[in-house]
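Trainee: I'd like to go through this one feature by feature. Could you give me the general idea each time, then the case at hand?

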Amino acid sequence: MRIIVIGGGLAGLSVAISLAQGGHDVEILESAPAITYIGAGIQVSSNSSLILRRLGIDKYIEKYCTEPVDLRMMRWKDGNLLVECPLKEPAQKEYNSPYWHIHRADLHRGLLEAALDRGCKLHLNSRVVSIDPDAGSLLTQDGTTYSADFIVASDGLHSMARSIVLGKPGPPIPTGQMAYRVTLPAAKLRGIPELEEIITVPRNNHWLGPHGTILSYLLEGQNEPLINFVFTCDVNEVDLPPGVDQRMGTAEEVRNSFKGWDPRIEKMLEYVEDVLYWRLYTHAPLATWSHPSHRLVLIGDAAHAMTPYLAQGAAMSIEDAAILVLSLYERLRIDRVTKVASASVESRWFTQMEDGDKQRERDAWLLLHPGIEPGHINLRSDKLWLDELFGYDAYQVLDEVLSEASS
Ligand SMILES: Cc1cc2nc3c(=O)[nH]c(=O)nc-3n(C[C@H](O)[C@H](O)[C@H](O)COP(=O)(O)OP(=O)(O)OC[C@H]3O[C@@H](n4cnc5c(N)ncnc54)[C@H](O)[C@@H]3O)c2cc1C
């Protein structure tokens, strides 16, 4: 089949690779004039690393991956440990695939190389401005018409294809929160005793605070180890014009938004120059991801933009890429993604409680229940939830459904 993929982000490249490996002729239309690599780190949990490995992408990225030992949740004010959830061992032993931290640039570059090696054609500067799904054709901004048997729209958060599939506008919804993202060479923080552990032990450090969280983890980086920080908080007074979701920020802004947090954060911010500000969005679950013509489907953020509190947006996109088998696609994907998206919202409220009775009750419970157990109140420590989320093998699910259908 001749397939056009709209958008060369993480979802678009993953699906292009998956389809090309299935023997299809794939062209990717990307609006940007060049594939530039912005952003910071990304967490790749077992449910998505399993697919990347099955698609052979590990060969392109593995050297840039770090495996965190655990996720440590800490009190915002002083960094006191509340709960520790192992990551590396369960990923390897129970979910059969590693939990990785990687710089987005390294993942994106690896995916692009793998897509090109598998014969996908990439057209840059090719913003899709209209789609005729019944005819299987689309038009780009420079006036070129493309036709295909099937169109996969992975055009992200502000997808233009979403409104064509829905038959009405479907813009994403602001969450009222934003994230400051900071990446800096770990060596810059070397020699500061209170930061030593953070820059040497690969773990997922998560400070829980009122209306915000801070996350830090190590990245292998291209040339040297990096430390990545994500500061999530309510949208600050410096608003963004409509349609703009990112801008450069300053360490001063971060400092103002996170006054009084763990003194280690204040110390670390002395060494920060570049800050990236990202506005956070979500989307109500869509009733359908495919156009009635069955020639146009949505994947990735175009289908299910979700909050980042469980670090699952790209992971769900990679699962989509594995399962994109026409009529089975929505049946297998919508319920799972809706569940993960709603758990992600739940996670926001659990991790960002104001100090008070509820927070004290939560912290007391966490301190009494270290580690992972079934029914734990923290999703990241709940064995049942983790089995469902990280233990999901998209290929196995697909095989089971296909063999059920054929019998
Ligand atoms: C702060 C933050 C932290 C996150 N952390 C994680 C994490 O740790 N783990 C995880 O799994 N997920 C994480 N996510 C979510 C993840 O980043 C997204 O789900 C993922 O990047 C979506 O990929 P995508 O390809 O669908 O969209 P995008 O990356 O937005 O790609 C869309 C592409 O389409 C192109 N495009 C748009 N319109 C057109 C058009 N009309 N024609 C042609 N091309 C077009 C764009 O230029 C772009 O290249 C995080 C998100 C945020 C905001």
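Mentor: Sure. Helices and strands here are DSSP runs, numbered from the N terminus, with at least four residues for a helix and at least two for a strand. Keep in mind that this is a predicted model.

Trainee: Then let's start at the beginning of the chain. How much of residues 1-16 is helix, and how much is strand?

Mentor: The span is 44% helix and 31% strand, and its end C-alpha atoms lie 12 Å apart. The unreviewed UniProt entry annotates residues 1-16 as "signal peptide".

Trainee: Next, sheets. How do I read the one with β8, β9 and β10, and what is its strand order?

Mentor: Two strands pair if DSSP finds at least two bridges between them. Here the order is β8-β9-β10, an open sheet of three strands with antiparallel pairing. At the edges sit β8 (128-132) and β10 (145-147), each pairing on one side only. From one strand to the next, the twist averages 20°.

Trainee: How many bridges join β8 and β9?

Mentor: Four bridges, in the antiparallel sense, with β9 spanning residues 137-140. To find your place in that pairing, look for Ser 130, which stands opposite Leu 139 in β9.

Trainee: Now the empty spaces. What separates a pocket from a cavity?

Mentor: In a cavity a 1.4 Å probe fits but cannot get out, while a pocket is an open set of points. Take the second largest pocket, with about 380 Å³ of space. Its lining has 24 residues, and Gly 39, His 103, Thr 183, Leu 184 and Asp 274 lie nearest the centre.

Trainee: Which element gives the most to that lining?

Mentor: That's β12, with five residues. The elements supplying at least two residues each are α5 (104-117), β12 (173-185) and β17 (275-282). By class, the lining of this pocket has twelve nonpolar, six polar and six charged residues.

Trainee: And how many cavities of 30 Å³ or more are there?

Mentor: Three. The largest has a volume of about 60 Å³, and its lining includes Ser 46, Pro 86, Tyr 95, Ile 372 and Phe 390. Both α4 (88-93) and α14 (383-390) give two or more residues to it.

Trainee: What classes of residue line the largest cavity?

Mentor: Nine nonpolar, one polar and no charged. Now look at the second largest cavity, of about 40 Å³: its lining divides into three nonpolar, one polar and four charged residues. Among them are Arg 72, Glu 197, Arg 203 and Arg 264. Two or more lining residues come from each of β4 (70-75), α7 (196-200) and β13 (204-209).

How values were computed: Residues are numbered from 1 along each chain as its sequence is written. This is a predicted model: local features need pLDDT of at least 70, side-chain atom pairs count only at pLDDT 80 or more; totals for chains, interfaces and linings use all residues. Side-chain values use heavy atoms; hydrogens and water are left out. UniProt positions are given in the numbering used here, feature names are shortened, and annotations may be inferred rather than shown by experiment. Axes are lines fitted to C-alpha atoms, for helices over the stretch in contact, and angles run from 0 to 180 degrees between N-to-C directions. On a 1 Å grid over the protein atoms alone, a cavity is a set of points where a 1.4 Å probe fits but cannot get out, and a pocket is an open set with protein on both sides within 12 Å along at least five of seven lines; lining residues have an atom within 4 Å of a point. Grid points are joined across faces, edges and corners, and a volume is the space filled by probe spheres set on the points. Ala, Val, Leu, Ile, Met, Phe, Trp, Tyr, Cys and Pro count as nonpolar, Asp, Glu, Lys and Arg as charged, and the others, Gly among them, as polar.
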